[in-house]
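Colleague: Please take me through the aromatic rings of this model.

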Amino acid sequence: MKMSHKSTHVSTVASRVNSYRRSSRLVDAKKVHGFDTQLISLEKMVQQRQSSDQFKAVAIVGKRGVGKTTLCQVLFNKPEVQAVFLPRIWVCMSWQPTEHGDRKTTTVKRMLTCLGVDEKTIQSIIDSVPAEADRLSSLLYALHLQLTGKKYLIVLDDAIEEGDDADKKKKKGDDAIKEGDDADQKKKKGDDAIKEGDDADQKKKKGDDTDQKKKKADVFKERNKWLADLDSPITEKEKWGKCLAFGLPKGHGGTVIVTSRDENLAKVMVGEKNLLHLRPLLDPMSCASIFNDHIKDEQKLKKDLEKEFLKKCAGLPLAATMMGKIKSEEPEEKNKTGSPTSYKEELKNETELPAEQKAQPEGEDARSPKDDAKIKSEEDPEGAKPIKQLEKDPRSSIGSKDDKQIKSEELPAEAEPGPHQEGAAHNEIIEEAASGTN
């Protein structure tokens with residue numbers, strides 16, 4: 001019964017990790033640890049511009065759970081930033097599995113909503129234009145009007161490619177590159193056969209690899225043209241709906257911060273020189289502090305276990321947070337003496353094999369020294385004189401309990417699960433949180 005409750009609890013938390021998440025600008029700065037250096041770097045990147053009215057776009061890239069969103073939240077809510085930028089809007093670009101429609105239109109609608117434009121006005125803009133492409137142009141034009149003349153700050157959190165259409169275009173683009181390169185591959189094989197080992201061939205191969213990478217980069221950029229080059233201004237020859245950049249006025253000091261797990265997409269949006277790579281935390285104290293912020297005082301992680309905990313959460317703040325939430329929400333387990341199971345024992349047991357996989361001794365070998373002491377005390381009542389035969393063979397059949405009866409008393413059928421079983425469940429959550437798969 002107790003195991004069933006545990007399994008349900010851990011599964012609920014695991015599903016929460018994988019569920020759709022709509023991020024927000026809210027954050028408790030007191031519970032943010034380990035980002036001091038990265039925050040300074042991000043501020044410098046935002047401030048580095050030739051003039052105060054120059055448009056600036058930067059991107060934070062890193063694996064899931066490394067803290068991209070949290071870093072942006074801290075900067076977004078700093079009093080110094082609030083004093084410089086107005087308006088400040090936070091736009092989550094995550095796409096819910098149940099959502100349908102055009103992602104481009106949805107993104108612009110979210111931006112207008114964050115700027116205070118009501119739903120009726122947005123819908124009237126959409127209804128006034130029959131063609132879908134023209135609707136996007138009208139919405140981007142409305143966004144441009146809302147931001148014109150303002151020193152705005154926009155966070156585009158969790159930027160991703162444009163869905164299934166992008167996947168189809170990607171496949172077509174890759175096929176086109178592959179077909180176009182077949183002749184080059186045949187030619188290359190012929191050249192290698194004729195000039196094997198020649199330095200010229202090595203240089204040619206490097207050149208071919210460079211060309212191949214360039215072709216792939218061009219195809220990727222074409223596939224994500226709508227999100228590309230956020231610093232591009234609108235011109236008379238361009239259509240409003242062609243690029244998101246056209247809805248972002250230039251020349252008033254506007255700034256856009258992008259977070260994404262896709263480094264290639266981030267490069268396309270802001271340029272390679274404007275990337276901030278976020279790595280997993282290396283400070284054991286920071287990860288331990290994140291964990292301790294989500295549990296009770298009596299459950300806090302001891303200092304001698306901080307390094308071991310850092311390895312468990314792989315330096316990912318999200319993993320440390322989820323471990324803390326799981327620990328705080330589960331019922332407090334107690335060992336046989338009534339005291340809470342220690343973290344040292346828990347972390348140790350997480351790496352051990354489950355009890356059912358360990359080899360179980362049979363017969364007399366299954367008894368522990370405590371069992372032997374118990375048997376001996378029953379065989380030798382207090383005050384009784386020692387019997388030489390029993391001293392020579394304490395496991396004699398004289399006055400002893402049946403082995404099976406002793407084993408059944410010491411090992412009841414429904415034994416309470418050990419901490420290692422819960423630790424294995426923890427590892428599943430950590431692996432899900434740390435896979436690349438904010």
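What follows covers ring pairs and charges over rings.

Modeller: This is a predicted model, where local features need pLDDT of at least 70, side-chain atom pairs count only at pLDDT 80 or more, and totals for chains, interfaces and linings use all residues. Residues are numbered from 1 along each chain as its sequence is written, and side-chain values use heavy atoms, without hydrogens and water.

Colleague: How many aromatic pairs does a search of the whole structure find?

Modeller: Rings of Phe, Tyr and Trp (its six-membered ring) pair if their centres lie within 6.5 Å; planes under 30 degrees apart count as stacked, over 60 as edge-to-face and the rest as tilted. Searching the whole structure gives a total of 3.

Colleague: Tyr141 and Trp240 form one such pair; what is its geometry?

Modeller: The centres are 5.2 Å apart. With 70° between the planes, the Tyr141–Trp240 pair is edge-to-face.

Colleague: How far apart in sequence are the parts that Tyr141 and Trp240 tie together?

Modeller: Helices (H or I, at least four residues) and strands (E, at least two) are DSSP runs, numbered from the N terminus. Tyr141 belongs to helix H7 and Trp240 to the loop between helix H9 and strand E4, so the parts joined are separated by 99 residues.

Colleague: Which charged residue has its end over the ring of Phe76?

Modeller: The criterion is NZ of Lys or CZ of Arg within 6 Å of the ring centre and within 35 degrees of the ring normal. At 4.5 Å from the centre of the Phe76 ring, the residue is Arg88.

Colleague: Which residue lies over the face of Phe55?

Modeller: The distance to the ring centre of Phe55 is 4.8 Å. The residue is Lys250.
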